[in-house]
Amino acid sequence: MSTDVTDVLVIGSGIAGLSAAVAAAEELGGAGSVVVLDRAPRAEAGGNTRWTAAYFRLDDVYEPGPNFVDDVIGFSDGRTPRWYVDALLERLPETMEWIQGHGARFRRMPTYFINSTRPRLQPVGGGEGLLSALRPAAERLGVTFRYETTAHRLVTGDGAVTGVEVTGPDGGRATLPARTVVIASGGFEGDTAYLGEQLGADAGTLLPIAPSVRLNRGEGIRMALAAGAARAGQWDTFHAEPVDPRSKDAEALVMVFPYGILVDRGGERFIDEARGTVDETYESTARAIWSRDGGTAWFITDQSLRRVDDHERGLLTGVPPVRADTVSELATALDLPPEVLADTIDRFNAATPTVGSFDWRRPDGLATVGLEPAKSNWALPLVSPPFLAYPVACSIVFTFGGLATDVRARVVREDGGAIDGLYAAGECTGLYHGKYPGGTSVLRGMVYGRVAGTDAARSSHA
Ligand SMILES: Cc1cc2nc3c(=O)[nH]c(=O)nc-3n(C[C@H](O)[C@H](O)[C@H](O)COP(=O)(O)OP(=O)(O)OC[C@H]3O[C@@H](n4cnc5c(N)ncnc54)[C@H](O)[C@@H]3O)c2cc1C
């Protein structure tokens, strides 16, 4: 491997890494070098970005969704810093202009949140569409890509970053000297042991939402912590989605869970399945399933699901449901205790309301009476066979905990001072707490990746 000193060395080629690399190369204008490392071979590189539909929490290309700032902060109970979100929005127009200048296109698309009808903005081609715009731009600008190259450790001297230790395609170790380093290597969702330590729970039953999850093992975060970086975001939780564990597809979502009941392996209900719209409740529902024995539940419904006209939009699993004509046959097919399941469904049916009208589009107040746990909306009795059942497990998309950065995307220490030459963007930076505000992860990776690349290029020549 070459030992020339690189001006901007970027770790990771997802949205944050490619945004940083292109922005750095543009800033350097041919008068400096930019190198991108990715542990994956070229065909598999691009991280979670490659697999996402990449919804943006925007109403239009330059227009954030309503209450963008307050929602993102509110979802975290005030723990996400306002300056981060304000600066994100401030840079939104120029960043959207920039990415469109590289050929990306956007359109408004309905989401799989069937009872939250607001469409979201999506890049044509999803996350891969963005990468396909940025990769050739990077190549045209002279950025060097090193695939199958994994970063392990930062090299520092006099408090500043001076390079990165890597393992190359041949398994050999090398040090790549660099004036600045941008960490864009995702969260630590792919390191089950480390993840379990941070979550304080067994992470072994979490399903990766896509194959890319396994590539993000947190080395970027840990190497910066070892160099004195402060932590940000909530380290003991993660972005969760409810999926069908039988499916081999990425993001095999089961987002129709409020239109029936969820039972655990013992055949019992354990949660109010319909305490709000799907977008408000899917993450906490997935986490609640994870905490049950075996980390799996069954979503049980009947032919009343047909009354939800758009239910197929919320079912991304391609595997058909288990079907049965009676509750007893259903219990046998699902390997659930028959008497318990029959009792659960009988008690649920007896508690469904006799007045009120069903409206799948919005919380309709059709709530159970005197049942624990209650079902607060869409409580139709399960009396129309054949019964249908989907297994539902909790998948991990990305972790919330990561590095603390400043408005210039520099990695900061506990005292707020920046570590010389070190930048970070995307999932590897800690931001979220509690509940994920959907449609913000790719967006922030792009905005702050570009900020990081531009600033790193400037400071490499300062
Ligand atoms: C199925 C799915 C659906 C999603 N839906 C949405 C959505 O609709 N909207 C949204 O905003 N977000 C969504 N997300 C989340 C979003 O895609 C990611 O959080 C975001 O793309 C992360 O970008 P990133 O650049 O930080 O990391 P990534 O895109 O994950 O890139 C990290 C890169 O770093 C490389 N890498 C890791 N460690 C090392 C190392 N030590 N050395 C070298 N290389 C390394 C990896 O190989 C990878 O290429 C979704 C994610 C998935 C998987």
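**Exercise 1. Determine how Asn 216 and the backbone of the protein approach the ligand.**

Step 1. In this predicted model, an N or O atom in the side chain of Asn 216 lies 2.8 Å from an oxygen atom of the ligand. A polar contact is a pair of N or O atoms within 3.5 Å; within protein, one atom must be able to donate a hydrogen and the other to accept it, and residues adjacent in sequence count only if both atoms are side-chain atoms.

Step 2. For Gly 47, a backbone N or O atom is 3.0 Å from an oxygen atom of the ligand. For Ala 151, a polar backbone atom is 2.9 Å from a nitrogen atom of the ligand.

Step 3. The ligand is surrounded by 37 residues, and Asn 216 is among the closest, together with Asp 38, Thr 49, Glu 427 and Ser 441. A residue counts here if one of its heavy atoms lies within 4 Å of the molecule.

The model is predicted: local features need pLDDT of at least 70 and side-chain atom pairs pLDDT 80 or more, while totals for chains, interfaces and linings use all residues. Residues are numbered from 1 along each chain as its sequence is written, and side-chain values use heavy atoms, with hydrogens and water left out.

**Exercise 2. Classify the packing of helix 3 against helix 11.**

Step 1. Helices (H or I, at least four residues) are DSSP runs numbered from the N terminus. The axes of helix 3 (residues 82-90) and helix 11 (residues 441-460) come within 10 Å and cross at roughly 80 degrees. Axes are lines fitted to C-alpha atoms over the stretch in contact, and angles run from 0 to 180 degrees between N-to-C directions.

Step 2. Helix 3 is therefore roughly perpendicular to helix 11; angles under 35 degrees count as roughly parallel, over 145 as roughly antiparallel, 65 to 115 as roughly perpendicular and the rest as oblique.

Step 3. Trp 83, Tyr 84, Ala 87 and Leu 88 of helix 3 touch Leu 443, Arg 444, Val 447 and Tyr 448 of helix 11, where contact means heavy atoms within 4.5 Å.

**Exercise 3. Describe the packing of helix 9 against helix 10.**

Step 1. Helix 9 (residues 327-334) and helix 10 (residues 338-351) have axes 9 Å apart, at an angle of about 130 degrees. Helix 9 is therefore oblique to helix 10.

Step 2. From helix 9, Val 327, Leu 330 and Ala 331 meet Pro 338, Leu 341, Ala 342 and Ile 345 of helix 10.

Definitions and conventions
Helices (H or I, at least four residues) and strands (E, at least two) are DSSP runs, numbered from the N terminus.
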